Structures are given as structure tokens and as C-alpha cells.
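The following exercises concern charged residues and their surroundings. Please work through each task before reading its solution.

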Amino acid sequence: MEFDLENPLTNLHESRSDTITSLFHIESDHMPLENYLQSLQTKGFDISVRREAISEISKFSCTFDPFLSYLAVNYLDRFLSSQGMLQPKPWVLGLLAISCVSLAAKMKETECSLVDFQGDGGFIFDSQTIERMEALILGALKWRMRSITPFSFISYFISFFKLRDPPLRHSLKARATEIIFKAQNEIKLLEFRPSIIAASALLSAAHELLPLQYPCFRKAIFCCSYVNKENLSQCYNAMQEIVIDGYESVFDMVSSSGTPVNVLDQHFSSSELSGKTNGNITTNTIKAERDMKRRKIIDHYDNLTVQISRIQQC
């Protein structure tokens, strides 16, 4: 059976409430060890090794389902936290990346071959070499390959929002998913449990797409008995920086879709020029830029939701 990151537990005899309880109780078993985060925060060497390994995973998995890449990076972090950092030799990192992607592909029942794993580095590994590395990873992860990730909690937390409009619910989930993908590479979020990351991503998405309803959503999630309020606040604040950094790529996508923003762009260009001092942009200008990007993204999603609703009514 193909592994679904949103439904990692497949015991059909358990009730929905029992499944949710189990997810919260064992999610920490699918996280990197605590010493891993400390190592990344204090050693630039370790950060560069992780960054390079993730880059290799992206190369090998770019033609597959993005959830496959997410699962492979989860395996990578858990393996490195258990075994320690490897020497940053290209062939070592390449073999580790290939093996993580290969294991993720097997869990997702995705067809792939050694041809898919021939990267730009010129290293070609035979199947036996990859299998030996896979065995090493499996042992380090104690064969816990059905990883519990933030995606496992999305449906649970989104049910708190009581949204009646399916397209709006879909847009909220899609934006939260995009935020989760981007957040995986940030080491400062590795300390938070998957459930906390899921809740923070949904709150961030709601803050963008449904600002008027956001306070109610925030109150509902903070009242959840499974949620540590302090951790959620810390994770949400950290995630806001990631969301703001991601506005540029999303804004480019919106602009390319033909959204009329030329007048706003010209207005901001004038404001930006007046806010510069000796070649530097003032804090107020930076804040204005971020706010404007927020409004443009929110307007785009609002228009998209209205269009989808109209289509459904036809």
C-alpha cells in the first residue's frame, strides 16, 4: 500500500479520535534528535553539509511528487541526527541523497530506476551500493519509515476553521502546504514538532487569505488540548519570516498570470526612491514593500476563490 503522508497510520480498526491521539503521542519519534539542532546552530560545517545534501535530494527528486522530496529530507535529517555529520565529499553526499530518495520512492510506490539517480556530479552508483546505504539508513531510523510529518495534522487542524466553502478550504490547505514545503529547509524550525509546524502553517495561510477570520481561527487552535501554546507562538513567529521571504516568488507567479498591478508597482517605485538614504532602503520602506506584497497576494487569492465559487454555482 502506498504511503500517504497525510494518513501515516493505516489501522482501520482505530476510530478517528484514537488515530489523532496516536499521531500526537508518537510524532516526536519521527523527528531529528535534539543534539542535531544544536550542532547545526553552532557549526557552520554541519549546516553546509545538510544544505548540500538537500540540494542533491532536490536534483534527484525534481521529476517526482514533491511529497517524495519532503519525505526524503525527513529521512536525511533523522539519519544525520542519529549517525552524526558525514564528511562533505561529493560522492558521499550523493550516495546518501540517492538512498534517501530511493527509500522515499519505495514508500510512495513511485517507479524509478538508477537512470533517475544520475546527477550532475558524474558519480554513478550500482544498485548494490545504494541498497547497502539504504540498509544503513533503515537501521538508524529503526525502520520507522512511515514518517509522521506536518501533513499528517493538516486535516485535523483545518477542521477547527469550520469553513463551508470547499474552494476556500482547498486554497487555505494549498497555501499551508506551500509554506510547509518551504519551512523544511529552515533549521530554526527543526526543534518544533510536526503538529506545531502544521498549525503554524495554517495560521500563516489564514492570516494571508482570511485576515478577518484569523483571530477566531487562532483562538480555536490555541485552545486545542494537544497544542503547546508557547511553542506554537514561537513557531508561528519564526514562520512569518519564511512566509515574507516567500512572497517574492508567489508575487512573480501572480504577476505573470496577468493580474493588473502596474499602477501599484509604479506607485511603490516612487515611494521606494523617496525612502532611500545613501543607497539604503529605510525600515519603513521595507515594511511598506512587505505590506504591499501581502495585499497583492491576498487580493489574488480572494479573486481566485470568488471565481471558483461562481464556477461551482453554474
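A salt bridge is a side-chain nitrogen of Lys or Arg within 4 Å of a carboxyl oxygen of Asp or Glu. The model examined here is predicted, and the structure holds 9 salt bridges.

**Exercise 1.** Determine how Lys59 and Glu56 satisfy the salt-bridge criterion, and state how they are placed in helix 3.

*Solution.*
1. The closest N and O atoms of Lys59 and Glu56 are 3.3 Å apart, and the two residues form a salt bridge.
2. Both residues belong to helix 3; because they are 3 residues apart, about one helical turn separates them.
3. Lys59 has a relative accessible area of 39% and is partly exposed.
4. Glu56, at 13%, is buried.

**Exercise 2.** Establish which parts of the chain are linked by the pair Lys108 and Asp65.

*Solution.*
1. The side chains of Lys108 and Asp65 meet in a salt bridge, with an N to O distance of 3.9 Å.
2. This pair links distant parts of the chain, 43 residues apart: Lys108 lies in the loop between helix 5 and helix 6, and Asp65 in the loop between helix 3 and helix 4.
3. Lys108 is buried, with a relative accessible area of 7%, whereas Asp65 is partly exposed at 33%.
4. Asp65 also has a role in the description of helix 4: at the start of that helix, a side-chain oxygen of Asp65 reaches to within 2.8 Å of the backbone nitrogen of Phe67.

**Exercise 3.** Identify the helices that contain Glu134 and Lys106, and state whether Glu134 is buried or exposed.

*Solution.*
1. Glu134 forms a salt bridge with Lys106, the closest N and O atoms being 2.7 Å apart.
2. Glu134 lies in helix 6 and Lys106 in helix 5, so the pair ties together parts that are 28 residues apart in sequence.
3. The relative accessible area of Glu134 is 4%; because buried means under 20%, this residue is buried.

**Exercise 4.** Describe the surroundings of Arg50.

*Solution.*
1. Arg50 is found in helix 3, which spans residues 44-61.
2. Its relative accessibility is 3%, and Arg50 therefore counts as buried.
3. The side chain of Arg50 makes a polar contact with the side chain of Tyr36, at 3.4 Å.
4. Leaving aside residues up to four places away in sequence, Arg50 touches several residues, among them Leu40, Val73, Leu76, Asp77 and Gln184.

**Exercise 5.** State how many residues of helix 4 are buried, and what follows the helix.

*Solution.*
1. Helix 4 is mostly covered, with 14 of its 18 residues buried.
2. Just after helix 4, Gly84 takes a positive phi of about 90°.

How values were computed
Residues are numbered from 1 along each chain as its sequence is written. This is a predicted model: local features need pLDDT of at least 70, side-chain atom pairs count only at pLDDT 80 or more; totals for chains, interfaces and linings use all residues. Side-chain values use heavy atoms; hydrogens and water are left out. Helices (H or I, at least four residues) and strands (E, at least two) are DSSP runs, numbered from the N terminus. Buried means under 20% relative accessible area, exposed over 50%, partly exposed in between (1.4 Å probe, protein chains only). A polar contact is a pair of N or O atoms within 3.5 Å; within protein, one must be able to donate a hydrogen and the other to accept it, and residues adjacent in sequence count only if both atoms are side-chain atoms. Contact means heavy atoms within 4.5 Å.
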